[in-house]
Amino acid sequence: MKSGQLASRAPAPGCATRTSGKMDKPLISHHLVDSDGSLAEAPSEVPKVGILGSGDFARSLATRLVGSGFSVVVGSRNPKRMAGLFPSAAQLTFQEEAVGSPEVIFVAMFREHYSTLCGLSDQLSGKILVDVSNPTEQEHLQHHESNAEYLASLFPTCAVVKAFNVISAWTLQSGPRDGNRQVPICSDQPEAKRTVLEMVRAMGFTPVDMGSLASAREVEAMPLRLFPGWKVPALLALGLFIFFYAYNFVRDVLEPYVQEGKNKFYKLPVIVVNTTLPCMAYVLLSLVYLPGVLAAALQLHRGTKYQRFPDWLDHWLQHRKQMGLLSFFCAALHAVYSLCLPLRRSHRYELVNLAIKQVLTNKSHIWNEEEVWRMEIYLSLGVLALGMLSLLAVTSLPSIANSLNWREFSFVQSTLGFVALVLSTLHTLTYGWTRAFEESRYKFFLPPTFTLTLLVPCVIILAKGLFLLPCVSRRLTKIRRGWEKDGSVRFTLPADHALAQKTSHV
């Protein structure tokens, strides 16, 4: 919500009449008050913009407008008190005088204070009112009309434009370089909308035309959304964590306690978590590329690309970026936890006990060539896989992605992403080595955790290899270029024939 000026607790006057009394008399002369408290006149050689309200957002808006070359006049109920909070170039006065000369006026007030402006309806007639307010989640559900539509109903002779409600006060002050540059705009008046669009560009932001004022309710709902694209991936990651953590707890902690009476509960904070994180990262990464395999198989089965995917598959495809970033997050945590393993007190006790056993058995040299090579390869593949995931995560940033063309972005996200999946698979296989075939590894008749994670990635890798076969690759390429099995559209690839043959039933 944008901060606005406080309203009186007395009932607001109607838009048709104005109340008069001693409280209406100004405390100071009705002249513009500069930020240093001195009286000044607004310059007329630059575009003049008015702001109604003196809250945090109004101050940030005034700062941005002044820095963009506009002459700003701010209307406040107490300009003397607020003068020192605004930039020196901005001029403060009472609301009645602030709306006199500017043609564009920003209403930086809460919805419940709109009615206090009804006494200014004559001065506001024919002007452009820019509504920057946001409702709370409760207010959004309570009111059936948006704040901008409510403002337009109070001032029917004004052109109301909804804008800047998705921009924070911090972004206005620091500039759009560190925040979202897009500013959704909607209005029923094309000329007023065009004027505000030009102002948005002049302030360094990117305007997005959202249509008529009826879209204001949707625009006002944007700041109320809390990571809408992350809900399903986050719940999926949480579900995977609970499943693998419980599975590893049963195998590594509960089974030794039940079968041998050993207390292994000290493994819960680090060991079990560190065994769970790579499983999550591996499965999430495989789920990033599984929907692409399913979509390709579905297109091959249908023989066309013009049929919509099922809703579940379409939503799955849209959440791949979030799942990939969560995979990188889990892999990075796994790397940090692995580096912390030698720092544990329990690990030091185990090393001392191993050394004592070696002395008691009179063994001066312990060296297992196979285990040494396995761990060396295992760690090397893990580092390479994490490096590939880091590259995928970096190129997902908008600032980096915007600097790449489509072929470069596709190469990194698709080709290198699949390489990361292959490296992760080799990393897991090297960790497993021959353990999957040892009877002692099956605790409570449950297979090792890594064997569960290998199923989906191996299917994806085999499917990708199948798609590379010439007979399958050619058919899939033709389908994605518009060929249909039913004969509505037929053509051959340019590599085979100089001219493409097309037929249509239309």
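Below are some exercises with worked solutions on this predicted model.

**Exercise 1. Classify the ring pair Tyr-114 and Tyr-150, and work out which parts of the chain the pair ties together.**

Let's start with the count: the structure holds twelve aromatic pairs.

- Step 1: the ring centres of Tyr-114 and Tyr-150 are 6.1 Å apart, and the planes meet at 20°.
- Step 2: stacked means planes under 30 degrees apart, so this pair is stacked.
- Step 3: now place the residues. Tyr-114 is in the loop between β5 (104-107) and α4 (121-124), while Tyr-150 belongs to helix α6 (residues 147-154), so the pair links parts that are 36 residues apart in sequence.
- Step 4: check accessibility. Tyr-114 has a relative accessible area of 0% and is buried, whereas Tyr-150, with 22%, is partly exposed.
- Step 5: look at what else touches on Tyr-150. Arg-111 lies over the face of this ring, 4.4 Å from the ring centre.

**Exercise 2. Do the same for Trp-312 and Trp-316: is the pair stacked or tilted?**

- Step 1: the centres of the Trp-312 and Trp-316 rings are 6.3 Å apart, with the planes at 45°.
- Step 2: that angle is neither under 30 nor over 60 degrees, so the pair counts as tilted.
- Step 3: both residues sit in helix α12 (residues 311-318), four residues apart, or about one turn of the helix.
- Step 4: Trp-312 has 52% relative accessibility, and exposed means over 50%, so Trp-312 counts as exposed.

Two extras on rings: Phe-106, Phe-164 and Phe-205 make up one aromatic cluster, and Lys-478 has its charged end over the ring of Trp-483, 5.0 Å from the centre.

**Exercise 3. Describe the second largest pocket: its volume, its lining and the helices that supply the lining.**

- Step 1: the volume comes to about 1200 Å³.
- Step 2: 34 residues line the second largest pocket, and Tyr-289, Arg-320, Gln-413, Ser-414 and Lys-464 lie nearest its centre.
- Step 3: sort the lining by class, and you get 19 nonpolar, eleven polar and four charged residues.
- Step 4: find the suppliers. Helices giving at least two lining residues each include α11 (271-302), α13 (320-340), α15 (369-395) and α17 (406-432). Also among them are α19 (455-467) and α20 (470-480).

**Exercise 4. How many cavities of 30 Å³ or more does a search of the whole structure find, and what lines the largest cavity?**

- Step 1: the search turns up one cavity of 30 Å³ or more.
- Step 2: the largest cavity has a volume of about 40 Å³.
- Step 3: its lining is Pro-135, Glu-139, His-140, His-143, Glu-145, Ser-146, Asn-147, Arg-217 and Glu-220.
- Step 4: by class, that lining splits into one nonpolar, four polar and four charged residues.
- Step 5: α5 (137-142) and α9 (216-221) each bring at least two residues to this lining.

**Exercise 5. Are Ser-346 and Glu-371 buried or partly exposed?**

- Step 1: Ser-346 lies in helix α14 (residues 345-360), and Glu-371 is in helix α15.
- Step 2: buried means under 20% relative accessible area. Ser-346 has 17% relative accessibility, so Ser-346 counts as buried.
- Step 3: Glu-371, at 32% relative accessibility, counts as partly exposed.
- Step 4: add the surroundings. The Ser-346 side chain makes a polar contact of 2.7 Å with the side chain of Arg-344. Glu-371 and Trp-433 are 9.6 Å apart in space, C-alpha to C-alpha, with their positions 62 residues apart in sequence.

Technical notes
Residues numbered from 1 in each chain as written. Predicted model: local features only at pLDDT ≥ 70, side-chain atom pairs only at ≥ 80, totals over all residues. Heavy atoms only, no water. Buried < 20%, exposed > 50% of the residue type's maximum accessible area, 1.4 Å probe, protein only. Polar contact = N/O pair within 3.5 Å; in protein donor to acceptor, adjacent residues only side chain to side chain. 1 Å grid on protein atoms, 1.4 Å probe; cavity = no way out; pocket = protein on both sides within 12 Å on 5 of 7 lines; lining within 4 Å. Points joined across faces, edges and corners; volume = space filled by probe spheres on them. Nonpolar A, V, L, I, M, F, W, Y, C, P; charged D, E, K, R; others polar. Phe/Tyr/Trp six-rings, centres within 6.5 Å; stacked < 30°, edge-to-face > 60°. Lys NZ or Arg CZ within 6 Å of the ring centre and 35° of its normal.
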